[in-house]
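User: I am new to this structure. Please take a close look at the salt bridges, and walk me through where the partners sit.

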Amino acid sequence: MTIRRIRSTPGGHDEYGDPVTSTEATCELKGCAVAPRTTADTKGRARGGVVEGLTLYCPPGTDLVASDAVEVSGVRSRIDGEVGVWSSPFGGDVGGLEVALT
């Protein structure tokens, strides 16, 4: 499975007032995993569970911010909320990043 970060740079105007087009830079994210994210309340929906999006798990130091987009196996998603940094309960080391995708 290929996971890519997509970072957009908005357009605007250069120092002479001429329009500058927006750009996108992509890079492959290594060592990441993806899992389905389901609803917490399944009784009200009369279903056994509904997939709302994906959860992306990345190693410490992965360059990912809330304004980035993520492409998982060719499907582009946006980051829902902030990038969460979690640490191990067995020590002070950072365990990685957790990101909700929609």
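Analyst: **Salt bridges up close**

Glutamate 24 is partly exposed, with 49% relative accessible area. Keep in mind that this is a predicted model. The 49% falls short of the exposed class, because that class needs over 50%.

Which residue does glutamate 24 pair with? Its salt-bridge partner is arginine 76, and the closest N and O atoms are 2.8 Å apart. Glutamate 24 belongs to strand 4, residues 23-28. Arginine 76 belongs to strand 8, residues 75-78. The two are 52 residues apart, so this bridge links distant parts of the chain. Arginine 76 is also partly exposed, at 45% relative accessibility.

Now step back. The structure holds six salt bridges. Another one joins aspartate 63 and arginine 7, with N to O at 3.2 Å. Where do these two sit? Arginine 7 lies in strand 1, residues 3-9. Aspartate 63 lies in the loop between strand 6 (51-58) and strand 7 (69-72). The partners are 56 residues apart in sequence, so the pair ties those parts together. Aspartate 63 is partly exposed at 42% relative accessibility. Arginine 7 is partly exposed too, at 25%. That value still clears the buried class, because buried means under 20%.

This pair has company. Arg5, Arg7, Asp63 and Asp68 are linked in a network of salt bridges.

Next comes lysine 30. Its salt bridge is with glutamate 28, and the closest N and O atoms are 3.5 Å apart. Are these two side chains exposed or partly exposed? Lysine 30 is exposed, with a relative accessible area of 60%. Glutamate 28 counts as partly exposed, at 40%.

One more kind of link is worth checking: disulfides. How many does the structure hold? Zero. Take cysteine 27, which is in no disulfide. The nearest cysteine sulfur belongs to cysteine 32 and is 9.5 Å away. That rules out a bond here, because a disulfide needs the two sulfur atoms within 2.5 Å. Cysteine 27 is partly exposed, at 28% relative accessible area. Cysteine 58, by contrast, counts as buried, at 4%.

To recap, the bridges include glutamate 24 with arginine 76, aspartate 63 with arginine 7, and lysine 30 with glutamate 28.

Terms used:
Residues are numbered from 1 along each chain as its sequence is written. This is a predicted model: local features need pLDDT of at least 70, side-chain atom pairs count only at pLDDT 80 or more; totals for chains, interfaces and linings use all residues. Side-chain values use heavy atoms; hydrogens and water are left out. Buried means under 20% relative accessible area, exposed over 50%, partly exposed in between (1.4 Å probe, protein chains only). A salt bridge is a side-chain nitrogen of Lys or Arg within 4 Å of a carboxyl oxygen of Asp or Glu. Helices (H or I, at least four residues) and strands (E, at least two) are DSSP runs, numbered from the N terminus.
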